[in-house]
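Colleague: I'm new to reading models like this one. Could you take me through a single part up close, and then connect it to its surroundings?

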Protein chains: 2
Amino acid sequence: MSQDAPPSDRPARTLADIARLAGVSTGTVSRALAGSSLVNAETRERIQALAAAHDFRVNQMARRLRTQKTGVIGVVVPLGHERRQHLSDPFFMTILGHLADALTENGYDVMLSRVIPDAADWLERIVDSGMLDGVLLIGQSDQMEAIERVARRYRPLVAWGSSLPGQVHCAVGTENVAGGRIAAEHLIARGVRRIAFLGELRAPEIRARFEGVCAAAAAAGLPAPLQLDTHLASEMMEQEIAAHLTRHLDRIDGIAAGSDMIAMTTLRALADQGMAVPSDVPVIGYDDLPLGLQTVPRLTTVRQDIARGARAMVERLFARIAGQDAPSLVMAPELVVRDSA
Amino acid sequence: MSQDAPPSDRPARTLADIARLAGVSTGTVSRALAGSSLVNAETRERIQALAAAHDFRVNQMARRLRTQKTGVIGVVVPLGHERRQHLSDPFFMTILGHLADALTENGYDVMLSRVIPDAADWLERIVDSGMLDGVLLIGQSDQMEAIERVARRYRPLVAWGSSLPGQVHCAVGTENVAGGRIAAEHLIARGVRRIAFLGELRAPEIRARFEGVCAAAAAAGLPAPLQLDTHLASEMMEQEIAAHLTRHLDRIDGIAAGSDMIAMTTLRALADQGMAVPSDVPVIGYDDLPLGLQTVPRLTTVRQDIARGARAMVERLFARIAGQDAPSLVMAPELVVRDSA
DNA sequence: TCCCCTATTGCAATCGATTGCAACAAGCCC
DNA sequence: GGGCTTGTTGCAATCGATTGCAATAGGGGA
């Protein structure tokens, strides 16, 4: 190996540089670096050593253009109904973390997009960019139409969210109506008669949960629950909830929150107003985020198995990339009783 | 426009398809779609209409290979010292959210990587992939050497973390020693005499905070603080902290936590043991995450202005991409007094 | 009428890799 | 010794866009 140039010489940037140095063609270098058995073991090792000595790494852009595989999955958060919602929303982040873990373990990179779907073709732009091998949507927002339209022709697409009858696109999610019912039934079993539901209904998941709550109330012969809007952006949420509580607290005796974040903020607001949870007002959340374990009191909630959901999304995506079909998954929500209700 | 083919005809996938349809060359189509004034206004509009009718979008991979600009920034989380830490750690997510917002506003895409730096050249692989216009590191972990090595030759790199004397790479962060001191001084002013510090010292930021706490204690003539290790992964954290507390609670009268997450968990554990915060044991956090507003009691903490830090990182990165120089930024931490201490 | 200038368009090289196919040598069998 | 297989390597097309330069046509001025 006396022919080694000093590594800092002039960085070898392309296959052609290495080829020149090694006195072979670029094709051979390409094959050698790929470990192909088509090239003589000796030359292969010589080329690999040369590449290592010169800190050479193949240009992924060129490679991916040629092979038509990018090794990148887009993880897209559509913020249709709630534009102020920040990417750092704990639910997004929890599922994003699981998705990123599963994808990197499988050798894929993650391209993260937070999209405000103003343009009608926002999703087309993403899937047709040529940059992605597949797309995972975190939530369907109010963009069912756009998603369906794209899914009809673009296979490697999986969304977190609901599966409606006749739906084309593959979705993974929980039965939100059932979850809402479970939450309300638990409150009712604890003696609650006048339920308040916190959360605004433009997001389909939240709306479904509310429907479940209403169904349970109706089934128990209770008055219709009081629905109170809440922004998901945390700055505004606290004031809104506090305002709702001061106004309506005398007319309700239990709270079903549309999400754990809403429930946490409600806990906070109730503490401010001197109300004890659960003795004065029981509160139940939805999601079962890790954070629910840290609240005081610990949050009673309806569990969506986010880790399992994320794994299922990635699994289905890979199946679809491989050309197979993959059905939607609807998981059953599960009551998690802790201390807040 | 009678020559329009039905949009669903056969999707036009390349510039050449559109060129054939329009009866011009690919060069003209490329220029037309770029809105270049070199092409006749009439043809330009005709081509644009044709492209729109056929749902055509340029292949970004090819475009980026040719132009040598990717429009993608890598956001990299190195997990050197704490491999179990999950991406969904609230601090990561908060800063990631701000970074993603700033980058997308500027037309860049975000490629997210969670890296366990086993291979010595983990960072080289990222910056030399040819896929990225720049790299943002969230934290330096225990990888100062690798970062310095790469930064010497790769300009568009900015890290969140500390700026040590003589450091080559551009970093944005807060003065952790000063922050630790501020936290301890606040506890001491509230009458605390035996401080416990929760957090393990392998991460340089946490270590610096602990040093600040020690300095303040020494300056006040108090005994050396008791340092207790805590994993950052939330599942283990709670049990560890609970164990620490049962063992040491009689020997301490105030707690400085290495991060807000640790502080939140501590609040939770103290509640379990029937201790009132702050009357029995004051607790102070570090970071000022949005979550601190939702705890009961509200968290007193040392603020790092994460939003400002993220903006600064992006700003500096853009300057460096443009070939300018950009100095490191060290922000002053700030005491935020709420209810827990 | 001729020439030059300008507006528009096409041609072809280029970005940096991958890969099917052809070419060549060596070795083997008959 | 000729023909065939096997093992290696090079050649050149290809992925899909961008862009400098050449080419063309038409208009205007002298």
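**The surface near DNA strand C**

Modeller: Let's start where the protein faces the DNA: sorted by class, the surface near DNA strand C has ten nonpolar, twelve polar and four charged residues. Keep in mind that this is a predicted model. There are 26 residues around DNA strand C, and the ones that come nearest are A:T14, A:G27, A:S30, A:A62 and B:G27. Several elements give two or more residues to this surface: α1 (15–22), α2 (26–33) and α4 from chain A, plus α2 (26–33) and α4 (60–67) from chain B. The top contributor is α4(A), which gives five residues.

Now follow chain A back a little from α4. In the loop between α3 (41–53) and α4 (60–67) of chain A you'll find A:D55. Its backbone is a bit odd: A:D55 isn't a glycine, yet it has a positive phi of about 55 degrees. Why flag that? Because most residues other than glycine have a negative phi. A:D55 has 15 C-beta neighbours inside 10 Å, so it counts as partly exposed.

Chain B has a residue with a similar quirk. B:D288 isn't a glycine either, and its phi is positive at about 65 degrees. This one sits in the loop between β9 and β10 of chain B. B:D288 counts as buried because it has 23 C-beta neighbours inside 10 Å.

That loop of chain B, between β9 (283–284) and β10 (301–303), also holds B:P297. Look at the link just before this proline: B:V296 and B:P297 are joined by a cis peptide bond, with omega at about -5 degrees. Over in chain A, A:P297 is in the loop between β9 (283–284) and β10 (301–303). A:V296 and A:P297 are joined by a cis peptide bond too, and omega there is about -10 degrees. Such bonds are worth spotting because most peptide bonds are trans.

Next, how do the two chains meet? Their contact takes 42 residues from chain B and 42 residues from chain A. On the chain B side, the elements giving two or more residues are α4, α5 (90–105), β2 (109–115), α6 (122–127), α10 (234–248) and α11 (260–272). The largest share of that side comes from α5(B), with seven residues. By class, the side of chain B that touches chain A has 17 nonpolar, 14 polar and eleven charged residues.

Let's zoom in on one residue of β2 in chain B, namely B:S113. It has 20 C-beta neighbours inside 10 Å; buried starts at 20, so B:S113 counts as buried. Leaving out neighbours within four places in sequence, B:S113 is in contact with B:G74, B:V76 and B:I126, and also with A:D109 from the other chain. B:L87 is 26 residues away from B:S113 along the chain, but their C-alpha atoms are separated by 9.5 Å.

Last stop: a helix pair in chain A. Helix α8 (residues 176–189) and helix α9 (residues 204–219) pack with their axes 6 Å apart, at an angle of about 45 degrees. That angle makes α8(A) oblique to α9(A). The crossing of α8(A) with α9(A) is right-handed. Among the residues making the contact are A:A183, A:A184 and A:I188 of α8(A), and A:A208, A:F210 and A:V213 of α9(A). By class, this contact has eleven nonpolar, four polar and five charged residues.

Technical notes. Residues numbered from 1 in each chain as written. Chains lettered and ligands numbered in written order. Predicted model: local features only at pLDDT ≥ 70, side-chain atom pairs only at ≥ 80, totals over all residues. Helix = DSSP H or I, 4+ residues; strand = E, 2+ residues; numbered from the N terminus. Buried ≥ 20, exposed ≤ 12 C-beta atoms within 10 Å, placed from the backbone. Near = placed C-beta within 6 Å. Nonpolar A, V, L, I, M, F, W, Y, C, P; charged D, E, K, R; others polar. Axes fitted to C-alpha atoms, helices over the stretch in contact; angles between N-to-C directions. Parallel < 35°, antiparallel > 145°, perpendicular 65-115°, else oblique. Left-handed = near helix turned anticlockwise from the far one by under 90°. Contact = placed C-beta atoms within 7 Å.
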